[in-house]
Amino acid sequence: MGRIRLGMVGGGNDAFIGGVHRIASRIDDRFELVAGALSSTPEKSQASGEALGLPRIYDDFKQMAIREGRLKAGIEAVAIVTPNHVHYAAAREFLKRGIHVICDKPLTSTLSDAKKLVKAAEQSDALFILTHNYTGYPMVRQAREMVANGDLGKIRVVQVEYPQDWLTQHEDFKQAEWRTDPARSGVGGSTGDIGTHGHNLVRFITGLEVTSLAADLDAFVPGRQVDDNAHVMLRLEGGAKGMLWCSQVAPGNENALRIRVYGEKGGLEWEQENPNILWHSPFGEPKRAITRNGAGAGGAAARMSRIPPGHPEGYLEAFANIYSEAAEAIVAHREGANVSSDVMYPTIHDGLKGVQFVDACVRSSARNAAWVDL
């Protein structure tokens, strides 16, 4: 069957997320990185490509898409790991040539671009995978399975938070620079960067869509042009209610993503910084821990686990699970077969929902936290 030939756009030597994608693509040995346009300048792209030992290095993504689309043994998929404002143009070029796209989140920097990219994906025969990597954690899959099985009964309340502290003050380095620039990140700051993860987890675990929201956004750091803190009330399908807090100015928090889901029959709680435990609280019974690959964990979690219980799996493995799910879908596509119903990954439509969430937060906050529909 062979490994899937992978290209990369962005992700040069000084890019955090590019390295994460490269590691994730290799963990299960399903991909081989063979080409890249790794930086916004030809010189940096060449230097990064040479450092990685890539056989084919390009000056820009359009040149790469054109040539790879013509090569008999060109890339089958491309990972797009650039700042948000480049996602649309880069993804469109590869989709036009039937090359599968694995794109970092959020989908695009503007809602207009997100809608155009959805059309481009629908007109292409290629797959589109969005790397909302937290959906790859085994115990997140466990939570989703338990909700779907009715273990919690009808969902009533969802609480999700994602506080960080790395933008508490003005920071002068590349990651902070582009993420706080609305021309590159989009109109949302913390809402786009980490709030979309919280929003996505709510939808993924509960299976419910957010129908409307009321958001109060702040840019606490003087001169900052995008939000660095957000409090958002959520209304979900079926009458469930939720609250989402995301912040990048909360000292003492590193990547403290946490979600709690409560229904008629019980509750669930999961924390990203302690990801191998899912707490289950059946109503009227003692709280209990379900561990990754341990007693009580079901098939959905087992599919995402590689090693015995008690050996921690974390962020890189969860990211790798998204790549491995993508590989299953790409191989099925290559062979003209149906992909297994167990395979799941965030799609371009999940990406559109995320950008709509950011847009709605900004509109709501501008109207003094008025309720707006998604």
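**View 1. A nonpolar surface patch that includes Leu316 of helix 11.** In this predicted model, Ile23, Ile27 and Leu316 together form a nonpolar patch on the surface with about 200 Å² of accessible area, where patches are made of residues with over 30% relative accessible area and no salt bridge, nonpolar side chains (Val, Leu, Ile, Met, Phe, Trp, Tyr) being joined within 5 Å and like charges within 9 Å. Accessible areas come from the Shrake-Rupley method with a 1.4 Å probe, and for residues only the protein chains shown count as cover. Leu316 has a relative accessible area of 31% and is therefore partly exposed, the classes being buried under 20%, exposed over 50% and partly exposed in between (1.4 Å probe, protein chains only). The model is predicted, so that local features need pLDDT of at least 70 and side-chain atom pairs count only at pLDDT 80 or more, while totals for chains, interfaces and linings use all residues. Residues are numbered from 1 along each chain as its sequence is written, and side-chain values use heavy atoms, with hydrogens and water left out.

**View 2. Helix 11 and the glycine just after it.** Leu316 lies in helix 11, which covers residues 315–335; helices (H or I, at least four residues) and strands (E, at least two) are DSSP runs numbered from the N terminus. The 21 residues of helix 11 should span 30 Å at 1.5 Å a residue, and the end C-alpha atoms are 31 Å apart, which agrees; the expected span is 1.5 Å times one less than the number of residues. Just after helix 11, Gly336 takes a positive phi of about 70°.

**View 3. The salt bridge between Arg56 and Glu68.** The side chains of Arg56 and Glu68 meet in a salt bridge at 2.6 Å, N to O, a salt bridge being a side-chain nitrogen of Lys or Arg within 4 Å of a carboxyl oxygen of Asp or Glu. This pair links distant parts of the chain, with Arg56 in strand 3 (residues 56–57) and Glu68 in helix 3 (residues 61–70), 12 residues apart. Arg56 counts as buried at 18% relative accessibility, and Glu68 is buried at 2%.

**View 4. A salt-bridge network that includes Arg292 and Glu313.** Arg292 and Glu313 meet through their side chains in a salt bridge (3.3 Å, N to O). Arg292 sits in the loop between strand 14 and helix 10 (299–303), and Glu313, 21 residues apart from Arg292, in the loop between helix 10 and helix 11. Arg292 is buried, with a relative accessible area of 2%, and Glu313 is buried with 4%. Salt bridges link Asp28, Arg292, Arg306 and Glu313 in a network.
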